[in-house]
Amino acid sequence: MKMLWRLSREAIRYRTLYVIAILSTLSLTAVNLAAPKVLSRMTGIVSDGVNEEGMHTILVLTAVLVCLYLLRVLFRFLSNYLAHKAAWNLVGDLRTRTYDKVERMHLGYFHDKQTGDLMSRIVNDTRDFELLYAHMIPDTITNIVTFLGVLIVLLTINPKLALITCAPIPLIFISGIIFSKKVRPFFRISQKKMGELSGKLQDNLSGIHEIQSFGREEYETGRVDEKNFEHVRAMLTALKISAIFHPTVEFISSLGTILIVSFGGYLAWKESLRVEDIVAFLLYLSLFYGPITGLANLLENMQQALAGAERVVAVLDEPCEIEDREGAVELQKVEGSIEFKNVSFSYKTGGEVLKDISFKCEPGKMLALVGPTGVGKTTLTQLISRFYEPTEGQILLDGHNINDVTIESLRKNISPVLQDTFLFNGTIAENIGYAVPEADIEEIKEAARAANIHDDILAMPEGYDTLVGERGLRLSGGQKQRVAIARAILRHSPVIILD
């Protein structure tokens, strides 16, 4: 219930659609409850013998039935479509919000995360919200209202028989509680394994060149197969529990039907129950146990949906460790002076990377950081942009502590060229102009000339409109790096970091 309440806060913006859908659902339930009553009335007239007055009543009741069935079509459409419309809009919003949250997380967040797993949360797990809000919640309301409505009707027909009808319900309720506790952990594992499989696929497809170069195709196929069937086994375990639960509910419901037929027959024999009442009881019987069986099915879907929803909510509720502090100011007219004052830094995984580092780089000057691999050169440059925060000391930009300025204005004044050059799957012009969307082609060409890549681009079949492929696969390593340098130059930032 705590999780459902948390999720309801996400759906509140679509409350109008949900209210109409729920009212339509309740109206549909009322129509379904009324129809058997009309049918039993018609049966009673026929069993008593049809005369002219009775025939007139049957015609009226027939018209009433037609109207009820037409209303059922209308209310079912409103209930189904509006619930789906609200749910899918919610899924779209959550996908965007989840991506936006992941996009703004500090780099340390990604150290123990797989890209494929995060993609699975954004795409697959958010889809479970549609199952929850378009099916489970409306159907649960329908089943509960139908059950209570039928129970009231049965009590008015024959209280003794109605109470016997309720005899199996405690057993069904207890089995539902046991089922919920048993099955959700396996659905949770299944969702986790799907994320791991997505992660492995993303990793392998990104490294397909290395896999083929070192002849590891068979090995990697085996690893994918292992991840794949870990997910399959977890899902089958959950489904095995479901396969035991659902027939159990059906069996318990069948016992109730047997009790009703037996006791109903006894009451009819004693002539304390009319034929039309028996017909009404049998018509309502399917409406009575149908919601119970439906709730049992919904219980399985709900466990699966909640397992996925938990993974999405975990991302949405993850605290952002690096955010603008209260009172953070916008940087104005930055010249580019950078100063480290006794800066130390350690990753959460342990081990001090930087210790008591102090230096100053004046505007317009070039400073080279030289040292062996792994001593923290890249980490130091990432501290300047506040991808991480130092454990001790201060970093100043034009005399401002970078912790006291907005992250947006800080990074707006810094252009990095990273060690692992990344290009988006688009044209060369789009990649060079990525940080300055309003730049025209002449400005892009000027930046390319400065990066000494202009002539190479003109030699390509489509020039600046040449598609670079995923991660710049169609360009050489040197060409990719020069495109990245041109991208940094075009921004005209006072600080350029060449890693």
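Biologist: Which residues make the nonpolar surface patch of about 400 Å²?

Modeller: In this predicted model, one member of the patch, F173, lies in helix α6, residues 169-206. F173 has a relative accessibility of 58%, so it counts as exposed. The nonpolar patch of about 400 Å² is made by F173, I174, I177 and I178.

Biologist: Is F173 buried or exposed?

Modeller: The cut-off for exposed is over 50% relative accessible area. F173 has 58% relative accessibility, and therefore counts as exposed.

Biologist: How are α4 and α6 oriented, roughly parallel or roughly antiparallel?

Modeller: Two packed helices are described by the angle between their axes and the distance between the axes. The axes of α4, residues 115-157, and α6 come within 8 Å and cross at roughly 160°. Angles over 145 degrees count as roughly antiparallel. The crossing angle therefore makes α4, relative to α6, roughly antiparallel.

Biologist: Which hand does the crossing of α4 and α6 have, left or right?

Modeller: The two axes come within 8 Å of each other. Where α4 passes α6, the crossing is right-handed.

Biologist: Which helices hold K227 and E196?

Modeller: The side chains of K227 and E196 form a salt bridge, with 3.5 Å from N to O. The pair ties together parts that are 31 residues apart in sequence, because K227 lies in α8 (residues 217-269) and E196 lies in α6.

Biologist: Which residues are linked with K227 and E196 in a network of salt bridges?

Modeller: K227 is partly exposed, at 26% relative accessibility. E196 has a relative accessible area of 15% and is buried. Both belong to a network of salt bridges, where they are linked with K192, K193 and E230.

Biologist: What is the N to O distance in the salt bridge between E220 and K200?

Modeller: The side chains of E220 and K200 meet in a salt bridge, and the N to O distance is 3.0 Å.
E220 is in α8 and K200 is in α6, so this pair ties together parts 20 residues apart in sequence. As for exposure, E220 counts as buried at 12% relative accessibility, and K200 counts as buried at 7%. The distance asked for is 3.0 Å.

Biologist: Which residue of helix α8 forms a salt bridge with E220?

Modeller: The partner lies three residues from E220 in α8, about one turn of the helix. The closest N and O atoms of the pair are 4.0 Å apart. The partner counts as partly exposed, with 34% relative accessibility. The residue is R223.

Biologist: How many salt bridges does the count come to?

Modeller: The rule asks for a side-chain nitrogen of Lys or Arg within 4 Å of a carboxyl oxygen of Asp or Glu. Pairs that meet it include K227 with E196 at 3.5 Å and E220 with K200 at 3.0 Å. By this rule the count is 14.

Biologist: What is the phi of R386 near?

Modeller: Most residues other than glycine have a negative phi. R386 is in the loop between α10 (377-384) and β3 (392-397), and it counts as buried at 1% relative accessibility. R386 has a positive phi, near 60°.

Biologist: Where is D398, and what is its phi near?

Modeller: D398 is in the loop between β3 and β4 (400-401). With a relative accessible area of 25%, D398 is partly exposed. Its phi is positive in a residue other than glycine, near 55°.

Biologist: How far apart in space are H106 and F359, C-alpha to C-alpha?

Modeller: H106 sits in the loop between α3 (52-103) and α4. H106 is buried, with a relative accessible area of 12%. Along the sequence, H106 and F359 are 253 residues apart, and their C-alpha to C-alpha separation is 25 Å.

Biologist: What separates the C-alpha atoms of L161 and N401 in space?

Modeller: L161 is placed in helix α5, residues 159-165. At 2% relative accessibility, L161 counts as buried. L161 and N401 are 240 residues apart along the chain, and their C-alpha atoms are separated by 79 Å.

Note on methods:
Residues are numbered from 1 along each chain as its sequence is written. This is a predicted model: local features need pLDDT of at least 70, side-chain atom pairs count only at pLDDT 80 or more; totals for chains, interfaces and linings use all residues. Side-chain values use heavy atoms; hydrogens and water are left out. Patches are made of residues with over 30% relative accessible area and no salt bridge: like charges are joined within 9 Å, nonpolar side chains (Val, Leu, Ile, Met, Phe, Trp, Tyr) within 5 Å. Accessible areas come from the Shrake-Rupley method with a 1.4 Å probe; for residues, only the protein chains shown count as cover. Helices (H or I, at least four residues) and strands (E, at least two) are DSSP runs, numbered from the N terminus. Buried means under 20% relative accessible area, exposed over 50%, partly exposed in between (1.4 Å probe, protein chains only). Axes are lines fitted to C-alpha atoms, for helices over the stretch in contact, and angles run from 0 to 180 degrees between N-to-C directions. Angles under 35 degrees count as roughly parallel, over 145 as roughly antiparallel, 65 to 115 as roughly perpendicular and the rest as oblique. A crossing is left-handed if the near helix is turned anticlockwise from the far one by less than a right angle, and right-handed if clockwise.
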